Amino acid sequence: MRKEDKVAIIAQLGETLQQYPHFYLVDVEGMDAASTSALRRKCFQSEIKMVVVKNTLLHKALEASDVDFSALYDMLKGTTAVLFTQVANAPAKMIKEMKAKKAVKPELKAAYAEEGCYVGAEQLDALCSIKSKNEVIADIVALLQSPAKNVLSALQSGQNTIHGVLKTLGEREG
């Protein structure tokens with residue numbers, strides 16, 4: 001590969017690192033064509049960008065970034081696919097789903113999610129438990145609705161009288 005080509009690939013990887021806030025390093029060594037195609041299809045359906053790149057080029061792109069990715073450098077061995085995503089837990093859930101179907105690969109090497117580095121396959125459950133932005137918003141909305149629902153139910157059970165509301169609320173706390 002010519003030096004100009006390498007520089008272009010490193011620059012393109014750098015741009016991709018800036019576009020996506022989260023990425024996973026996945027071991028895809030030894031995967032046959034059918035399973036690789038299935039992985040690419042699942043990535044496309046989950047809005048995950050999958051790129052297979054030389055480890056040395058990815059290492060240089062990571063070094064050129066403003067973020068310290070030094071914890072991930074040791075994981076750049078063998079055949080590595082990079083899964084870029086906007087949703088931190090999407091690749092982890094996809095990998096876990098594939099593991100449930102007894103697939104040997106892909107295997108998680110490391111991940112950069114929510115501004116933290118996760119190294120090792122044992123981090124898969126921790127990555128799955130990270131909540132996406134939409135999940136956090138849904139939790140907040142549910143928390144905000146909870147007091148309003150309590151007041152509404154108190155009004156309904158107290159037959160719409162102040163005395164009934166106070167009695168109902170008093171019974172709940174006691």
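In this predicted model, the largest pocket has a volume of about 240 Å³. Its lining is made up of 15 residues. Closest to the pocket centre are L17, Q18, S65, V67 and F69. Two elements, α1 and α3, each give two or more residues to this lining. The largest share comes from α1, which supplies 4 residues. By type, the lining of the largest pocket divides into 10 nonpolar, 3 polar and 2 charged residues. The search for such spaces rests on a simple idea. Rolling a probe the size of a water molecule over the atoms shows where empty space is left.

Helix α1 was examined further. The helix covers residues 3-19 and holds 17 residues. At 1.5 Å a residue, helix α1 should span 24 Å. The C-alpha atoms at its ends lie 25 Å apart, which agrees with that expectation.

Which residues of α1 are buried? They are I10, L13, T16 and L17. Seen down the axis of α1, the buried residues fall within an arc of 125°, so they line one face of the helix. These buried residues pack against four elements: β1 (22-27), β2 (49-52), α3 (55-64) and β3 (80-85). The face turned away from the buried side carries exposed residues, namely E4, V7, Q12 and Q18.

Two residues of α1 link both parts of this description. L17 is buried in α1, and L17 is also among the residues closest to the centre of the largest pocket. Q18 is exposed, on the face of α1 turned away from its buried side, yet Q18 too is listed among the residues closest to the pocket centre.

How values were computed:
Residues are numbered from 1 along each chain as its sequence is written. This is a predicted model: local features need pLDDT of at least 70, side-chain atom pairs count only at pLDDT 80 or more; totals for chains, interfaces and linings use all residues. Side-chain values use heavy atoms; hydrogens and water are left out. The expected span of a helix is 1.5 Å times one less than its number of residues. Buried means under 20% relative accessible area, exposed over 50%, partly exposed in between (1.4 Å probe, protein chains only). The arc is that of the directions from the helix axis to the C-beta atoms. Contact means heavy atoms within 4.5 Å. On a 1 Å grid over the protein atoms alone, a cavity is a set of points where a 1.4 Å probe fits but cannot get out, and a pocket is an open set with protein on both sides within 12 Å along at least five of seven lines; lining residues have an atom within 4 Å of a point. Grid points are joined across faces, edges and corners, and a volume is the space filled by probe spheres set on the points. Ala, Val, Leu, Ile, Met, Phe, Trp, Tyr, Cys and Pro count as nonpolar, Asp, Glu, Lys and Arg as charged, and the others, Gly among them, as polar.
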